[in-house]
Amino acid sequence: MSRALDRTGIWIGWAFFADLANALALTFGYMFSRPVTMQYPDKEKWLPYSRYRGHHFLKRDEEGEIKCVACELCARICPCDCIEVIPYEDEKGNRRPAKFEIDMARCLFCGLCEDACPADAIALGQQYEFSSFSSSDLVIGRDDLLGKPGKAMTGGGVVAAHLNTEQDVLVETSEPQGYNWWRNIRRT
Amino acid sequence: MELVVALGLIVFKVALLIAILLLLPLPLTWLERKIAGHMQQRMGPMRVGWHGLLQPVADGVKLLTKEDHIPAEADRFLFKLAPILALAPPFVVFVAVPFGESVSVLGTEITLYVSNMNVALLFVFAVIGIEVYGVIFGGWAANSKYAVLGSLRTCAQMISYEIPMGFAVIGVVMLAQSMSLLDIVRAQANVWNIVYQPVGFFVFFVAGLAESQRIPFDLAEAEGDLGAGFHTEYSGIRFAFFMVSEYAIMLLTSVLAVILFFGGWNGVLVPLPPLVWFGLKVAFFVYVFIWFRFTFPRYRYDQLMAIGWKVLLPLSMANIIITGVAFL
Ligand code: SF4
Ligand code: SF4
């Protein structure tokens with residue numbers, strides 16, 4: 001009996017477009033929910049997490065010497081063949097890179113160079129705003145790499161887009177645990 | 001002297017009408033994109049002007065400065081004719097559409113319509129039928145398979161849905177005992193036609209959706225399977241013509257729905273100026289069109305035909321019979 005009733009109910013609903021009305025109510029509800037868009041270059045921008053793989057940087061040791069020993073392991077493992085290392089011997093007799101160039105136009109930010117490095121000298125930092133009009137500007141040399149910002153300390157927050165977040169800035173955000181992307185998503 | 005004034009008034013009204021119809025698509029495209037964005041939890045255009053308000057102007061400038069490309073294999077004459085054929089009828093139709101009784105400016109009564117034809121309804125349907133040629137010629141002349149498929153679909157769709165649409169309004173004509181849109185609105189001064197003609201309105205509205213080729217019946221320009229349908233090969237200003245025509249028809253369908261079934265400029269409860277009431281009702285229908293577009297998927301071609309011939313046609317005929325019997 002109840003099943004028959006159910007089926008008549010469905011048929012009556014179908015005849016009066018209950019399903020279509022449901023759909024319309026849903027979209028109408030969505031129209032008044034908050035958009036999830038992040039207005040990136042105009043208003044807000046995102047702070048990367050500490051494990052974010054952005055622009056590479058080269059590290060220095062305690063004495064301020066470049067850590068890299070020019071073993072070329074990173075150049076070997078790189079799937080895009082975009083690192084070029086030429087070693088030399090410095091005054092103290094250490095092996096150091098005379099030339100260390102990364103072609104950012106070809107890099108796919110896999111982070112394998114960071115994993116392969118035996119001296120913990122290279123890593124992928126937090127910088128992600130380095131687009132350029134010419135691909136030759138994207139070949140970054142050793143000294144530039146030494147100056148690039150390192151890993152992010154905090155991360156995941158959303159800050160005003162005009163803030164300069166180049167150097168490990170510690171920006172106070174209201175979401176220290178990271179931005180909750182699901183916050184505005186309506187789930188019914 | 002009187003003749004000159006009357007003539008001048010008509011010219012002025014026509015010019016105003018054309019200006020409004022040409023400019024209305026600008027805010028409408030903006031609204032459509034905004035509503036679409038918010039329904040999908042996006043923001044829509046945001047970057048040109050305040051909340052993207054100047055986006056349609058930017059798009060217009062872009063369309064005007066684009067290359068006006070004609071495919072090598074196209075039938076050049078028809079290709080150039082089609083956008084004009086698509087654009088002119090919706091504008092011509094508005095000549096017969098009243099927007100209110102009259103207003104007095106500086107002591108003279110000015111009627112809010114260009115002409116009060118006694119067969120206005122017939123005129124509207126006859127002229128709007130010509131618009132199909134624009135779509136069919138456009139698709140045919142472009143000599144592209146997507147465009148041809150789009151215009152073939154349009155051809156069948158328009159013919160199938162014009163019949164129930166025509167039948168649906170017969171009920172209204174029977175109630176008002178007149179084909180003049182002005183008389184039809186006057187006849188609804190107390191009770192709107194929607195009360196007597198709910199089925200007629202339903203058929204009219206669905207057929208109107210199909211006639212203006214909006215989702216869920218936008219088979220002619222199904223982006224998913226036909227590129228852009230009949231106007232795939234059009235660019236620049238000619239494409240803009242098709243767009244304006246599409247919005248004008250959407251507006252026309254809303255205006256007709258209001259005039260025929262929702263009491264025209266007759267208000268209820270709240271005493272607002274008639275023109276405001278009219279505008280509000282039309283705006284509501286325009287919103288419904290946009291709302292539908294971002295809610296429903298597209299019907300399949302056979303479903304489209306089945307709805308037209310197996311549901312709407314019998315419904316509209318039954319509506320006429322029942323109205324007739326009730327009259328006796
Ligand atoms: S991140 Fe990957 S692709 Fe980029 S330089 Fe390192 S190893 Fe090569
Ligand atoms: S960055 Fe690391 S892996 Fe690459 S050459 Fe220097 S020490 Fe070797």
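These are my notebook entries on a predicted model with chains A and B and two ligands.

**Entry 1: chain A, overall**

I began with the secondary structure of chain A and counted five helices and seven strands. Reading along the sequence, I wrote down the pattern α-α-β-β-α-β-β-α-β-β-α-β. Next came the domains: domain 1 covers 3–32, domain 2 is made of 36–50 + 152–188, and domain 3 runs over 57–148. Domain 2 is thus given as two segments of the chain. I also looked up how far apart domain 1 and domain 3 of chain A sit, and their C-alpha centres are separated by 61 Å. For burial, I noted that 36% of the 188 residues of chain A count as buried.

**Entry 2: chain B, overall**

Chain B holds 13 helices and two strands. Its radius of gyration is 20 Å, close to the 20 Å that the globule rule gives for 328 residues, so chain B is as compact as a globular protein of that length. Along the principal axes, I read a C-alpha span of about 55 × 50 × 45 Å for chain B. Of its 328 residues, 50% count as buried.

**Entry 3: the two ligands**

Which residues are closest to ligand 1? I found Cys78(A), Cys107(A), Cys110(A), Gly111(A) and Cys113(A), out of 13 residues that surround this ligand. By class, the shell of ligand 1 has eleven nonpolar residues, two polar ones and no charged one. Cysteine is counted as nonpolar here, which is worth keeping in mind when reading that tally.

Around ligand 2 I listed Cys68(A), Val69(A), Ala70(A), Cys71(A), Glu72(A), Leu73(A), Cys74(A), Phe100(A), Cys117(A), Pro118(A) and Ile122(A). That shell splits into ten nonpolar residues, no polar residue and one charged residue. Since Glu belongs to the charged class, I put Glu72(A) down as the charged member of the shell.

**Entry 4: the largest pocket**

I then turned to open space on the model. The largest pocket holds about 1,200 Å³. Its lining counts 33 residues, and closest to the centre are Phe17(A), Leu20(A), Phe202(B), Val206(B) and Tyr299(B). Both chains therefore contribute to this lining, given that a lining residue has an atom within 4 Å of a pocket point.

Which elements supply at least two residues each? From chain A they are helix H1 (2–15) and helix H2 (18–31), and from chain B they are helix H9 (198–211), helix H12 (274–293) and helix H13 (301–327). H9(B) gives the largest share, with seven residues. I sorted the lining by class and got 30 nonpolar, one polar and two charged residues.

**Entry 5: enclosed cavities**

A search of the whole structure gave me nine cavities of 30 Å³ or more. The largest of them has a volume of about 100 Å³. I looked up its lining: 13 residues, with Ile128(B), Met165(B), Glu211(B), Ile249(B) and Leu252(B) nearest the centre. Helix H5 (120–141), helix H6 (145–176) and helix H11 (236–261) of chain B are the elements that give two or more residues to this lining. By class, I recorded eight nonpolar, two polar and three charged residues around the cavity.

**Entry 6: backbone angles**

Most residues other than glycine have a negative phi. With that in mind I looked up two exceptions.

The phi of Asp120(A) is positive, near 50 degrees. Asp120(A) sits in the loop between helix H4 (112–116) and strand S5 (122–124) of chain A. Its relative accessibility is 39%, so Asp120(A) counts as partly exposed.

Gln177(B) also has a positive phi, about 60 degrees, and is not a glycine. I placed Gln177(B) in the loop between H6 and helix H7 (181–187) of chain B. Is Gln177(B) buried or exposed? Its relative accessible area is 61%, so Gln177(B) is exposed, the cut-off being over 50%.

**Entry 7: a look at Val268(B)**

My last stop was Val268(B), in the loop between H11 and H12 of chain B. Val268(B) has a relative accessibility of 39% and counts as partly exposed. I also checked its distance to Trp30(B): the two lie 238 residues apart in sequence and 30 Å apart in space, C-alpha to C-alpha.

Terms used: Residues numbered from 1 in each chain as written. Chains lettered and ligands numbered in written order. Predicted model: local features only at pLDDT ≥ 70, side-chain atom pairs only at ≥ 80, totals over all residues. Heavy atoms only, no water. Near = heavy atom within 4 Å. 1 Å grid on protein atoms, 1.4 Å probe; cavity = no way out; pocket = protein on both sides within 12 Å on 5 of 7 lines; lining within 4 Å. Points joined across faces, edges and corners; volume = space filled by probe spheres on them. Helix = DSSP H or I, 4+ residues; strand = E, 2+ residues; numbered from the N terminus. Domains from an automatic or database assignment. Rg over C-alpha atoms; globule rule 2.2 N^0.38 Å. Buried < 20%, exposed > 50% of the residue type's maximum accessible area, 1.4 Å probe, protein only.
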